[in-house]
Amino acid sequence: MEKVIVVENLTKKFGNFTAVDHISFEVERGEIFGFLGANGAGKTTAMRMLCGLSIPTSGKGFVAGFDIHTQSEQVKKNIGYMSQKFALSEDLKVWENIRLFAGIYGVPEKKIALKTDELLKRLGFESERDTLVKSLPLGWKQKLAFSVAIFHEPKVVFLDEPTGGVDPATRRQFWELIYQAADRGITVFVTTHYMDEAEYCDRVSIMVDGRIDALDSPKNLKNEFNANNMDEVFHQLARKAKRVDR
Amino acid sequence: MEEQNINPAPSIHCESLSKSYGKVEALKNISFNVEKGEIFGIIGPDGAGKTTLFRILTTLLLADSGTAIVDGFDVVKNYREIRNRVGYVPGRFSLYQDLTVEENLNFFATVFNTSIAENYELIKDIYQQIEPFKTRRAGKLSGGMKQKLALSCALIHKPSVLFLDEPTTGVDPVSRKEFWSMLKKLKEQGITILVSTPYMDEASLCDRIALIQNGQFLKIDTPQNIVKQFGNALLAVRSDSMSKLLKDLRENELTKSCFAFGDKHHVTIQDSAFKIQHLKEYLEQKGHTSIEIEFIEPGIEDCFMELSQR
């Protein structure tokens, strides 16, 4: 199986503070990998390193086949990224947003036009082509933002709390899009505070104080921690955190 | 007064509140009461109108029509009175980033003509958790600490009503639990709390809730009553192939709706004569194995989806 993310003893220090403390894991092609942890556990720092935005203090990391130390520009070109805070340009139309982000990722002009039609059809957004993004309902924006993030068919897409504040029905439709992307072979690396969403992942890691304290399928984690659901697993682990600084 | 007042005046009373921004109707004809000492939750997704409602009740925004009374005062005519009596924590962190923890708290105490010492008892439980960092600038605090400071600042003048707009958004499940136990303690001190949240699982921690979507209340009641009024049979179903199961369940003619819920799918059923055995046979025909089907009690999230689809 192709490894899309390989991380070995990855560490990041800020002065005396070790934000990420020797984490190691691998993620396979087409896998949905849940990256959980309490606020302040080090998730964002780890994710920034994997996206080529922050240089590790020590340890190795390869994303989409590129070294995060020496090939961070290549890493950025070959991943997709979406968060609730960073998504679309509100003052551009739907098609303009698709064109903007596809252009940034270097998708050829002809291909953009063709794939835009395809995408709008698949999402059922054909009639919204010329709508300003700011006037779309939140749920539609999130779906469009995700589709834009994987428009250039990256090997892996990073989703940072993609469903925060979204209504329950749309949240589930969003996960159906994630499944479709994974079926097409795109690896999905996702953080969430909704523990029911942790159950939808193939495997889940839980960070505590900069370390990965647990990593397995939801089913195995529930067995291991003798828990009924992922919420209980999370509570058992996160309660052990020593960092008071959250 | 001689007569016993069984129903004292509510802490918050709203009647037919409406507010539009251009063509967008943010609030449509909202009416509700919050009793003294109640924890009342406004529960719904982003863009439902929660913040607009909070801003009207805290006198920061004028409604287009309707009236609102907070702690006995009209939000338009007596807005100054209200500002002295309520505490407000907006969704976006809005303390002074360049002041330290202690300076922020001191500032708010002074603005309200009081001192930290005078009301220390009220904020003690919360403030003590951040007191070791009292010389740190607010802008340098972590999310959870900012939230505790914001809450301390909103409480320092001993408000009778506390408005918390999405205090737990983006907060991890463990910290959210801690936050709610702080609210329980404030309630015991007699403070009325209006709190909004997009997390449906927090509904059960409120005395009463309003489910809000597209500027309208779908329902106002206790969480227990809302669950009781669900009105459909609800099943939890699982098998070895969950994504195929979702499709097959939706294609079944008895299915009214079907959604993924963690490691199971929840299915609402049309027919009162429904038998689990029939569904099991149907799924076996579709090739599913390790099938588990059981009737379950709905949660608030089930109710929200049911109500919002009507």
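Two strands count as paired here if DSSP finds at least two bridges between them. Keep that in mind as you open this predicted model, since the tour begins with a sheet.

**Stop 1: the sheet in chain B**

Select residues 12-21 of chain B, which make up strand E1, and then residues 65-70, strand E4 of that chain. E1(B) and E4(B) run antiparallel and are joined by five bridges. To see one place where they meet, show B:Cys14, which stands opposite B:Ala68 in E4(B).

Now turn to the other neighbour of E1(B). Strand E2 covers residues 24-34 of chain B, and E1(B) pairs with E2(B) in the antiparallel sense over seven bridges. Two pairs are worth labelling: B:Leu17 has B:Ile30 as its bridge partner in E2(B), while B:Lys19 faces B:Leu27. Follow the chain from E1(B) into E2(B) and you pass through a hairpin with two residues between the strands. Pick B:Gly22 in that turn: its phi is positive, about 60°.

Zoom out, and the open sheet has four strands in the order E2-E1-E4-E5, with antiparallel pairing. Its edges are E2(B) and E5(B), the latter at residues 73-74, and each of them pairs on one side only.

**Stop 2: a lysine in chain A**

Select A:Lys43, in helix H1 (residues 43-50) of chain A. What is the nearest side chain of opposite charge to A:Lys43? It is A:Glu161, 5.6 Å away. A salt bridge needs a nitrogen-to-oxygen distance within 4 Å, and A:Lys43 is buried yet has none. Look instead at A:Gly37, whose backbone oxygen lies 2.7 Å from a polar atom of the A:Lys43 side chain. Leaving aside residues up to four places away in sequence, the residues that A:Lys43 touches include A:Phe35, A:Leu36, A:His193 and A:Met207.

**Stop 3: where the chains meet**

Show both chains and colour the contact: 30 residues come from chain B and 29 from chain A. About 2400 Å² is buried between the two chains, 55% of it on carbon and sulfur atoms.

For the polar side of the story, the count of salt bridges between the chains is four. Try A:Lys222 and B:Asp263, a salt bridge with its closest N and O atoms 2.8 Å apart. Across this interface, 12 residue pairs are in polar contact.

Finally, select the elements of chain B that give two or more residues to the side touching chain A, among them helix H5 (143-155), helix H6 (173-188) and strand E12 (255-261). Which element supplies the largest share of that side? H6(B) does, with six residues.

Notes. Residues are numbered from 1 along each chain as its sequence is written. Chains are lettered from A and ligands numbered from 1 in the order in which they are written. This is a predicted model: local features need pLDDT of at least 70, side-chain atom pairs count only at pLDDT 80 or more; totals for chains, interfaces and linings use all residues. Side-chain values use heavy atoms; hydrogens and water are left out. Buried means under 20% relative accessible area, exposed over 50%, partly exposed in between (1.4 Å probe, protein chains only). Lys and Arg count as positive and Asp and Glu as negative; His and the chain ends are not counted. A polar contact is a pair of N or O atoms within 3.5 Å; within protein, one must be able to donate a hydrogen and the other to accept it, and residues adjacent in sequence count only if both atoms are side-chain atoms. Contact means heavy atoms within 4.5 Å. Buried area is the accessible area (1.4 Å probe) that two parts lose on being put together, summed over both.
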